[in-house]
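Ready to get to know a protein by poking around in it? Grab the viewer and try each exercise before you read its solution.

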Amino acid sequence: MAVAGAGTAVAAGAALLGGAGAAGAATPGKSSPTAVPEQAKTPLVAYVRDAHTGEVCVMVDDREVIVHDKELAARIARVVHGGN
């Protein structure tokens, strides 16, 4: 996953993925994929710019962060267009 604006993108990705890839216990030394960073206290908005390329735009405060994550984009697209 290519990320611009690491802290916010990580918080957004964790919130949007909601546990994808969280099979079993967390790897020692790493936080759980569903753990939200302490600094993630303000609302954020995310939208998929291109589900096929995995481009997701996340907006928080006065910033816009672009995340390239095909799995995340596909999960969001399936919520809207069916297919779980």
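Below are some short exercises on this predicted model, each with a worked solution.

**Exercise 1. Work out how many helices and strands the protein has, and in what pattern they follow along the sequence.**

Solution. Start by counting: there are 2 helices and 4 strands. Next, walk along the sequence and note each element, and you get β-α-β-β-β-α. While you're at it, look at how much of the chain is tucked away: of the 84 residues, 23% count as buried.

**Exercise 2. Check whether the span of helix α2 agrees or disagrees with its number of residues.**

Solution. Step one: α2 covers residues 70–81, which makes 12 residues. Step two: the expected span is 1.5 Å times one less than the number of residues, so this helix should span 16 Å. Step three: compare that with the model, where the end C-alpha atoms are 16 Å apart, so the two agree.

Now have a look at both ends of the helix. At the start of α2, a side-chain oxygen of D69 comes to within 3.1 Å of the backbone nitrogen of E71. After the helix comes G82, and its phi is positive, near 85°.

**Exercise 3. Decide whether V67 is buried or exposed, and find the nonpolar core it belongs to.**

Solution. First, place the residue: V67 sits in strand β4, residues 63–68. Then take its relative accessibility, which is 2%. Buried means under 20%, so V67 counts as buried.

Next, look for its company. The largest nonpolar core has 6 residues: V56, V58, V65, V67, L72 and A73. Two or more of these residues come from each of β3 (55–60), β4 and α2. One last distance to try in the viewer: V67 and C57 are 10 residues apart along the chain, and their C-alpha atoms are separated by 6.3 Å.

**Exercise 4. Find which residues make a nonpolar surface patch of about 240 Å², and say how exposed Y47 is.**

Solution. The patch is made by V45, Y47 and M59. Take Y47 and locate it: this tyrosine is in strand β2, residues 44–50. Its relative accessible area is 34%. Partly exposed lies between the 20% and 50% cut-offs, so Y47 is partly exposed.

**Exercise 5. Track down the salt bridges, and work out which residues are joined into one network.**

Solution. Searching the whole structure turns up 3 salt bridges. Let's take them in turn.

- E38 pairs with K41, with the closest N and O atoms 3.0 Å apart. At 60% relative accessibility, E38 counts as exposed, and K41 is exposed too, at 61%.
- E55 meets R49 at 3.1 Å, N to O.
- E64 also meets R49, again at 3.1 Å, N to O. This pair links distant parts of the chain, since E64 is in strand β4 and R49 is in strand β2, 15 residues apart.

Now look for a shared partner. R49 turns up in the bridge with E55 and in the bridge with E64. Salt bridges that share partners join R49, E55 and E64 into one network. To finish, check exposure for two of its members: R49 has 40% relative accessibility and counts as partly exposed, and E64, at 46%, counts as partly exposed as well.

Key. Residues numbered from 1 in each chain as written. Predicted model: local features only at pLDDT ≥ 70, side-chain atom pairs only at ≥ 80, totals over all residues. Heavy atoms only, no water. Polar contact = N/O pair within 3.5 Å; in protein donor to acceptor, adjacent residues only side chain to side chain. Buried < 20%, exposed > 50% of the residue type's maximum accessible area, 1.4 Å probe, protein only. Core = buried A, V, L, I, M, F, W, Y, C linked by side-chain atoms within 4.5 Å. Patch = residues over 30% accessible without salt bridge, like charges linked within 9 Å, V, L, I, M, F, W, Y side chains within 5 Å. Areas by Shrake-Rupley, 256 points an atom, 1.4 Å probe, with all protein chains shown as cover. Salt bridge = Lys/Arg side-chain N within 4 Å of Asp/Glu carboxyl O.
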